[in-house]
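Student: I would like a close look at a single part of this protein, with its surroundings described as well. Please take one helix and work outward from there.

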Amino acid sequence: MSKVSLQELLHIKHPIIMAPMFLVSNVAMVTEGMKQGIAACIPALNYRTLEELREACKQLKAAKIEGGAYGFNLIVNKSNPKFKAQLEVICEEGADFIITSLGNPKETIDAAHKVGIKVFCDVVDLPMSKKVEGLGADALIAVNNEAGGHRGNIDPKALIENLNKNCSLPVISAGGVGCKEDIDKVLSYGAIGVSVGSPFIASEEASVSQEYKQACVDYGADDIVMTERISGTPCTVIKTPYVEKIGTKTSWLETVLNKNKKLKKWVKMVRFMIGMKAVANAANKATYKTVWVAGPSIEHTKAILPVKDIVRKLVA
């Protein structure tokens, strides 16, 4: 079945979405990405208040140029109490697309489509993909086992081919892309485009510390490990001395408490809050408690560059 290209879907020049990254993505990065003919996305949770989110919407609307597109990422489950209000702001101010993560995207799809905003949904397998297809999503963000942060469990080729075979929605591959060769490879598997995150951490415009950016230059794919000590769910981070010291598994006490149905939710919530605070501290300032989230695609990051140069490397 012939499927629309990402360029046609979002009216962009290149089949690339700059992935939404917690604490990293900002208006400056998205603006520069649009200037280079790609789409770019910011997590709504990067803004502490609805007023800040609304202002970002206005700035991106004013900065949009032909050949580029912008969007926002929404966490659509109960872990995000701001979800409904964030959705309302985005729908009022406008965007080209929304990427949903974690939870049922029905409310987002229904509200966004009323105002002409496309909705792409993060998925990690076929059952999840069939569900969002039935809800009316516009495309699938296929999060594979090479993605940074919270990743899937299936390799890119198998995931893309399985979704294309069994779903009618176009597939955008997320994970493991750090160079032009990687893009060509996943497009050959049947993806209509790619969602690229980690290579943009080491951009001049990124809202993180120079230490975090430099780590993405100094470390490589072999230095990425999975840890359960951030959110309670396996997450990829750079194997710094601090990560090696604290280990990657939850403590014995958390393991025991997680087996209790009544306590499990609260244990995960506490772990998430502690982990996110550690990530925020490490992202924004130099600290010995270095917990830097990234994916194996930093293998191709050799210098801190402007967004425009990173995009040019990806499409050259």
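Tutor: What follows describes helix 6 and its neighbours, and then the barrel around them. The model is a predicted one.

Helix 6 spans residues 126-135. At its start, a side-chain oxygen of D125 comes to within 3.0 Å of the backbone nitrogen of M128. After the other end comes G136, with a positive phi near 100 degrees.

Between these ends, S129, V132 and E133 are buried. These residues sit on the same side of helix 6, because the arc they cover around the axis is only 105 degrees. The face turned away from that buried side carries P127, K131 and G134, which are exposed. The cover over the buried residues of helix 6 includes helix 5 (106-114), strand 5 (118-123), strand 6 (139-143) and helix 7 (156-166).

Two of these covering elements, strand 5 and strand 6, run parallel to each other and are joined by four bridges. Within this pairing, C121 stands opposite L140 of strand 6. In general, the strands of a sheet pair through backbone hydrogen bonds, in a parallel or an antiparallel arrangement. Strand 6 is mostly covered, with five of its five residues buried. The cover extends to both of its faces: A139, I141 and V143 are buried on one side, and L140 and A142 on the other.

Helix 7 is another of the elements that cover helix 6, and helix 6 in turn is among those that cover the buried residues of helix 7. At the start of helix 7, a side-chain oxygen of D155 reaches to within 3.2 Å of the backbone nitrogen of K157. The buried residues in helix 7 are P156, L159, I160 and L163. Seen down the axis, they fall within an arc of 95 degrees, so they line one face of helix 7. Besides helix 6, their cover includes strand 5, strand 6, strand 7 (171-174) and helix 8 (180-189).

The strands named so far belong to a closed barrel of eight strands, which runs 1-2-3-4-5-6-7-8 with parallel pairing. From one strand to the next, the twist averages 25 degrees.

Elsewhere in the barrel, strand 1 (residues 16-18) pairs with strand 2 (residues 39-43) in the parallel sense over two bridges. I17 has A39 of strand 2 as its bridge partner. I17 is also one of the residues touched by S195, which lies in strand 8 (residues 193-196). S195 counts as buried because its relative accessible area is 8%, where the cut-off is under 20%. Leaving aside residues up to four places away in sequence, S195 touches A19, I172, S173, A174 and G175 as well as I17.

Helices also lie across the early strands of the barrel. Helix 2 (residues 27-35) lies across strand 1, strand 2 and strand 3 (69-75), and runs at about 170 degrees to strand 2. Helix 4 (residues 83-93) lies across strand 3 and strand 4 (97-101), at about 165 degrees to strand 3.

For the protein as a whole, there are 13 helices and ten strands. Of its 316 residues, 51% count as buried. Among contacts with a separation of 6 or more, 61% are between residues 24 or more positions apart. The accessible surface comes to about 14600 Å², and carbon and sulfur atoms account for 55% of that surface.

Key
Residues are numbered from 1 along each chain as its sequence is written. This is a predicted model: local features need pLDDT of at least 70, side-chain atom pairs count only at pLDDT 80 or more; totals for chains, interfaces and linings use all residues. Side-chain values use heavy atoms; hydrogens and water are left out. Two strands pair if DSSP finds at least two bridges between them. Axes are lines fitted to C-alpha atoms, for helices over the stretch in contact, and angles run from 0 to 180 degrees between N-to-C directions. Contact means heavy atoms within 4.5 Å. Buried means under 20% relative accessible area, exposed over 50%, partly exposed in between (1.4 Å probe, protein chains only). Accessible areas come from the Shrake-Rupley method with a 1.4 Å probe; for residues, only the protein chains shown count as cover. The arc is that of the directions from the helix axis to the C-beta atoms. A polar contact is a pair of N or O atoms within 3.5 Å; within protein, one must be able to donate a hydrogen and the other to accept it, and residues adjacent in sequence count only if both atoms are side-chain atoms.
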